[in-house]
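Q: Could you take a close look at a single part of this model, the largest pocket and what surrounds it, and then say what else the side chains show? I would like one connected account.

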Amino acid sequence: MTQLNPTFAHLGVRDEIVRALTENGIEHPFAIQELTLPLALAGDDLIGQARTGMGKTLAFGIPLLQRVSTDETRPLTGTPRALIVVPTRELCMQVYDDLATAARYLAGPDRKFSVTSIYGGRPYEPQIEALRNGVDVVVGTPGRLLDLAQQGHLQLGGLSVLVLDEADEMLDLGFLPDIERILRLTPDDRQSMLFSATMPDPIITLARTFMNQPTHIRAEAPHSAATHDTTEQFAYRAHALDKVELVSRVLQARGRGATMIFTRTKRTAQKVSDELAERGFKVGAVHGDLGQGAREKALKSFRNSDTDVLVATDVAARGIDIDDITHVINYQIPEDEQAYVHRIGRTGRAGKTGIAITLVDWDDLSRWELIDKALGLGCADPAETYSSSPHLYEELDIPTDVTGTIAAPRRRTAAKRTEKRNSSDSSEDRPARTRTRTRRRTRAGEPSTGHPESADADAAPAAESGDADGDGSPARRRRRRRPRKTEAAAAG
């Protein structure tokens, strides 16, 4: 007789894993887990397809841990027995956390069961040291995995299980050649699992190449909607100069919890984050101009609820898997309908309700019409909306007496400005900072770069006005004249 609402124990999961999951409030499997566990626990190759937030990590993680920890033919010796390949550093950390939690009570013959993460943007030495000390399960991104394997630090010949997670995103990011190289380093008799939200042709071809008669499992009907039914979607035609003001009102809606705001560009992500912080909101940012340490710090603060707003670009947000997000705001509309689905899939997960809000610029109406048509949203012509529009407050349940600021504006300290400069890798801002430093040195009469005549070009207007620095300082006026005397002497 079929169990209507089975537990993991009913599906044959070992007690140690069930205990660890129960302590984290996880007792009943999601649909993708219930469908895949019997086959995966039996050692079959499979392809799992489900939307973001439907529980794919434990769908492959539980059978992977169970097989590795109970395989008597390949005892745990510290050589990796399972490998999970993921597209991004953020997803790597997420999968690592989930597997380490589920494996809490597992143990090898003479040591604790070990899961480790390997990804770029971090020093090699700690990762190499972890491999030397012995690991049972490795979660990693393609580039760093391949690098360490080619150096001989990562041994893949003893794998029992191989998983490719979010395969469609790895295709989008251009990792397919690296993945094919990694596959050639693994044994042929391993169990293989591939999980993906969509199944484009190159992924199907890859699956046929490295998998052995896989079973294709979908966690939902093929004709089901691309977006979660529990997510209420709104689109507004907004003016660029009013967007931050509008968003600040949305962030004060009743019932608003953790919120993700998406932008298309790194510069816009940082700008929106800075402006919301000035208005008193607890906000962090994740984008490509930030160093890995700053990104991890922002994500940790968001997961720990130290901040409740996260501004991110599409690329940086890939792999961020955080529960209980109530609102998603598309500050700039995505490139296409697939990106839209990925964005708003962050809310309305696992049966919970969510709200997705898209702000459409006048210049983006044609692109929005394509997204609307592809997904059948029925909102090709969004209503013109401002931060003061009554329908905004009514539809999103925003109190009518809120303002655009919830706390006194905070001045950014010198330390924070320095931290921001150090964490940014953008070359776009460097020329402006260089010019500023050059002008300051010139005004102090100590030009360290450029020619004397360029220093004079800056000095002349101030000298004519009789005030070198705007404060009437005679000493500074005398210093400004020295380059001229030097130039005159050289000419003589």
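A: Helices here are DSSP runs of type H or I with at least four residues, numbered from the N terminus. The model is a predicted one, and in it Gln33 has its place in helix H2, which covers residues 31–41. Gln33 counts as buried because its relative accessibility is 3%, and the cut-off for that word is under 20%. A polar atom of the Gln33 side chain lies 2.9 Å from the backbone oxygen of Gly55.

The largest pocket holds about 1,000 Å³ of space. It is lined by 42 residues, of which Phe30, Gln94, Asp98, Asp321 and Asp323 are the closest to its centre. Among the elements that each supply at least two residues of this lining are helix H3 (56–70), helix H4 (89–102) and strand E12 (325–330), and H4 gives the most, with six residues. By residue class, the lining of the largest pocket is made up of 16 polar, 14 charged and 12 nonpolar residues.

Turning to the aromatic side chains, a search of the whole structure finds three aromatic pairs. One of them is formed by Tyr340 and Trp368, whose ring centres are 5.8 Å apart and whose planes stand at 65 degrees, so the pair is edge-to-face; the angle required for that label is over 60 degrees. This pair links distant parts of the chain, with Tyr340 in helix H14 (residues 337–344) and Trp368 in helix H15 (residues 365–375), 28 residues apart. Tyr340 counts as buried because its relative accessibility is 1%, and Trp368, at 1% relative accessibility, counts as buried too.

Charged side chains also meet aromatic rings in this model, as two cases show. The charged end of Arg144 sits over the ring of Tyr124, at 3.8 Å from the ring centre. Lys243, in turn, lies over the face of Tyr331, 5.1 Å from the centre of that ring. Lys243 belongs to helix H10, which spans residues 243–250 and is mostly covered, with seven of its eight residues buried. Besides Lys243, the buried residues of H10 are Val244, Leu246, Val247, Ser248, Arg249 and Val250, and Lys243 is therefore a residue that counts as buried, under 20% relative accessible area, while lying over the face of Tyr331.

Note on methods
Residues numbered from 1 in each chain as written. Predicted model: local features only at pLDDT ≥ 70, side-chain atom pairs only at ≥ 80, totals over all residues. Heavy atoms only, no water. Phe/Tyr/Trp six-rings, centres within 6.5 Å; stacked < 30°, edge-to-face > 60°. Buried < 20%, exposed > 50% of the residue type's maximum accessible area, 1.4 Å probe, protein only. Lys NZ or Arg CZ within 6 Å of the ring centre and 35° of its normal. 1 Å grid on protein atoms, 1.4 Å probe; cavity = no way out; pocket = protein on both sides within 12 Å on 5 of 7 lines; lining within 4 Å. Points joined across faces, edges and corners; volume = space filled by probe spheres on them. Nonpolar A, V, L, I, M, F, W, Y, C, P; charged D, E, K, R; others polar. Polar contact = N/O pair within 3.5 Å; in protein donor to acceptor, adjacent residues only side chain to side chain.
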